[in-house]
Amino acid sequence: MAMATVSVGLVGSYNTQTSFVAKSFSAHQTFKSFSGLKAAASSKNVKLGSSFLGKESNAELVASCLPKHKVGKRQWPSNQFQPRASIFKVAVLGAAGGIGQPLGLLIKMSPLVSDLHLYDIANVKGVAADLSHCNTPSKVLDFTGASELAKCLKGVDVVVIPAGIPRKPGMTRDDLFNINANIVKTLVEAVADNCPDAFIHIISNPVNSTVPIAAEVLKQKGVYDPKKLFGVTTLDVVRANTFVAQKKNLRLIDVDVPVIGGHAGITILPLLSKMRPSVTFTDEEVSELTARIQNAGTEVVEAKSGAGSATLSMAYAAARFVESSLRALDGDSDVYECTFVQSNLTDLPFFASRVKLGRKGVEALISADFHNLSDYEANALEALKPELKVSIEKGVAFAHKQPAPAASN
């Protein structure tokens, strides 16, 4: 199924960060957490605009969590997207893990969620009981083990898969493959059987391989829709924005750095020449920032001294992508995120780029970021392709591998 390719100009922020407010959300309250990049396209020309919420003070950010009517002297624009409350079901598969627990908490805080289904092979009942005490509208249900997986997935709108083992010191993403690949294959088979129309968010590493695995499984089941399968690479954008803002002393809420390619090592390519606001970097700064963004996961693994990998930042990034998906499902026409999807922007079958999200998933792949790259970025793009190609092919091959025949007596 082909996806549209469009060019757009940036008029928003990849990293719109609306503070959570410690209060109960009523059925009609809305907020803008984890908001993705806002963009506008015109057939003739596209103008750059100010950052989405970029001009607002902290007080106004808090006010943005309140109902869409007069707040003091402030009048909300009549054409502003106003999401409905508590209407979508989200399932987290691997909810008792290091990513799954904080991710469940952040999703629980979304007023768009009516039901939060938490699944794991063990220890999920306590997580669900804990989250169920949070006074936000969504109902929390727990499901333990393979026998309850189908029930967990019935009627779900968004499935998030952080299940698997974390990376440890000295371990590459490729080392994770044999274990996590099988986990993803099994879970996606269940998704195909029970909620084939759901958005599927793959977090389990190595994403460069697990997304192709998921695609092949869905094809084998006859329910593959490339517009609804996503590799969650939002953490690369979150890190890029953070590191660039620190390096150049910028307000973080104003910084937008598109990140393309894949989700491991040199396949992660931040496009610093395309960032907003426009900033001049020395060659040394570009090299240093790119390397740090590419190796940020290792930075966390080493800092935790074997006790885990990037769980909190990954949960934050995944929750932002979930919220963007829910906004798109709810009819917001201005939802843009970077994600690893089936793509025709390069000669590879899957590629991370900025996409426009809608009710049916990916509405368009954004090609503008690929135009007029710097020499450094153009060379890096060509350099990442062979490694990404191998990872994709490895995932496809795994999905088609036949199980060993049972031993005869």
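Biologist: Which residue of β13 stands opposite Q342?

Modeller: This is a predicted model, where local features need pLDDT of at least 70, side-chain atom pairs count only at pLDDT 80 or more, and totals for chains, interfaces and linings use all residues. Residues are numbered from 1 along each chain as its sequence is written, and side-chain values use heavy atoms, leaving out hydrogens and water. Strands β12 and β13 (DSSP runs of E, at least two residues, numbered from the N terminus) run antiparallel, joined by 8 bridges. Opposite Q342 in β13 stands F350.

Biologist: Which residue of β14 stands opposite K356?

Modeller: Strand β13 covers residues 350-358 and pairs (at least two DSSP bridges) with β14 in the antiparallel sense over 4 bridges. A hairpin through 2 residues joins β13 to β14. Facing K356 in β14 is A364.

Biologist: How many of the 6 residues of strand β14 are buried?

Modeller: Buried means under 20% relative accessible area, exposed over 50%, and partly exposed in between, with a 1.4 Å probe and protein chains only. Strand β14, residues 361-366, is largely enclosed by the rest of the structure, because its number of buried residues is 5.

Biologist: Is T311 buried or exposed?

Modeller: T311 lies in the loop between α9 (296-303) and α10 (312-329); such helices are DSSP runs of H or I, at least four residues. Its relative accessibility is 15%, so T311 counts as buried.

Biologist: With which side chain does the side chain of T311 make a polar contact?

Modeller: Beyond four places in sequence, T311 is in contact (heavy atoms within 4.5 Å) with G98, I99, P102 and K304. At 3.3 Å, the side chain of T311 makes a polar contact with that of K304.

Conventions. Polar contact = N/O pair within 3.5 Å; in protein donor to acceptor, adjacent residues only side chain to side chain.
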